[in-house]
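Hello,

I'm passing a structure on to you, as you asked for something new to look at. Have a look at it first, and then read my notes below.

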Amino acid sequence: MLTDTNNCAELRIAGITDDSIVDGPGIRLTVFVQGCPHSCEGCHNPQTHDFSAGYVISTEDIMDKIVSNPLLDGVTFSGGEPFCQAKALSRLGSMIREKGLDIITFSGYTYEFLKANADGENCYNDLLKVSDYLVDGPFILAERSIDLRFRGSANQRIIDLKKTAKEGRVVTAEL
């Protein structure tokens, strides 16, 4: 069982990229959370695996960075594994949504796993609700492709979370 590693006002992160064009459409601020239980072979961000590395930052400090950049189209939560800090990210996501920006969340877990294991304590559903898109599934080195937009291996899906909730079935998207 995963648990949130911090309270809802702080995140342990590996870093922030202010003007990313590779973590989703448009210009994005990307928050790389620290800590990942997956250890996927060939992971693009292996430095984010250690749950005790990185540094702690308040959600308000991240929000200050977001509002100070008028060029942003959205925010991406990457990792590490964002759902290990779902409570704090859902809080940050709510503030981001109030500013009218979209949110993409990457996870090594599948959508089905997250829904089946969601409860009030882990806040998986809260993070899914504030996210517009979920890129789900572990990175699989044997399925790696540089031709895939915003994902690393062919097993990973880009899920439109708003349409999925409305239709009651997984709806994928191309961004």
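**What I found**

Ile16 has Val31 as its bridge partner in β2. That pair is a handy place to start, and please keep in mind throughout that this is a predicted model.

The pair belongs to a longer match: β1 and strand β2 (residues 28-33) run antiparallel and are joined by five bridges. Strand β1 (residues 10-20) also pairs with strand β3 (residues 55-58), again in the antiparallel sense, this time over four bridges. If you would like one residue pair to find there, take Leu11, whose bridge partner in β3 is Ile57. When you follow these strands on screen, remember that side chains in a regular strand alternate between the two faces of the sheet.

Now for the whole chain. There are five helices and seven strands in its secondary structure. Starting at the N terminus, the order of elements is β-β-β-α-β-α-β-α-α-β-β-α. Does the overall size suggest a compact or an open chain, and what is the radius of gyration? The chain has 15 Å, which agrees with the value near 16 Å that a compact globule of 175 residues would have. Its C-alpha trace spans about 40 × 35 × 35 Å along the principal axes.

Of the 175 residues, 49% are buried. Among contacts with a separation of 6 or more, 66% are between residues 24 or more positions apart. The chain exposes about 8400 Å², and 50% of that is supplied by carbon and sulfur atoms. As for charge, there are 17 positive and 25 negative charges, and their mean positions are 5 Å apart.

Next, have a look at β4 and β5. These two strands pair in the parallel sense, over four bridges. One of the links to look for is Gly74, which has Asp102 as its bridge partner in β5. Is strand β5 (residues 102-106) largely enclosed or largely open? Four of its five residues are buried, so the strand is largely enclosed by the rest of the structure.

Ser78 is a good residue to click on in strand β4 (residues 74-78). Its relative accessibility is 10%, and because buried means under 20%, Ser78 counts as buried. Which residues does Ser78 touch, once its neighbours within four places in sequence are left aside? They are Thr30, Val31, Phe32, Val33, Asn45 and Phe106. You will recognise Val31 from the start of this note, as the bridge partner of Ile16.

A few backbone details deserve a look too. Most residues other than glycine have a negative phi, and most peptide bonds are trans. Against that background, here are some exceptions:

- The peptide bond from Gly79 to Gly80 is cis, with omega near 15°. Gly80 sits in the loop between β4 and α2 (86-98).
- Ser39 has a positive phi, near 50°, though it is not a glycine. You will find Ser39 in the loop between β2 and β3.
- Cys123 is another residue other than glycine with a positive phi, near 65°. Its place is the loop between α3 (111-117) and α4 (124-130). With a relative accessibility of 7%, Cys123 counts as buried.

Finally, two more places to visit. Pro46 lies in the loop between β2 and β3. Is Pro46 buried or partly exposed? Its relative accessible area is 46%, so Pro46 is partly exposed. Pro46 and Gly35 are 11 residues apart along the chain, and their C-alpha atoms are separated by 9.6 Å.

The other place is Cys8, in the segment before β1. At 29% relative accessibility, Cys8 counts as partly exposed. How far is Cys8 from Gln85 in space, C-alpha to C-alpha? The distance is 8.4 Å, although the two are 77 residues apart in sequence. Leaving out residues up to four places away in sequence, Cys8 touches Thr59, Lys87, Ala88 and Arg91.

Enjoy exploring it, and do write back with any questions.

Best wishes

Key. Residues are numbered from 1 along each chain as its sequence is written. This is a predicted model: local features need pLDDT of at least 70, side-chain atom pairs count only at pLDDT 80 or more; totals for chains, interfaces and linings use all residues. Side-chain values use heavy atoms; hydrogens and water are left out. The radius of gyration is taken over C-alpha atoms; the globule rule is 2.2 Å times the number of residues to the power 0.38. Buried means under 20% relative accessible area, exposed over 50%, partly exposed in between (1.4 Å probe, protein chains only). Contact means heavy atoms within 4.5 Å. Accessible areas come from the Shrake-Rupley method with a 1.4 Å probe; for residues, only the protein chains shown count as cover. Lys and Arg count as positive and Asp and Glu as negative; His and the chain ends are not counted. The place of a charge is taken as NZ of Lys, CZ of Arg, CG of Asp or CD of Glu. Two strands pair if DSSP finds at least two bridges between them.
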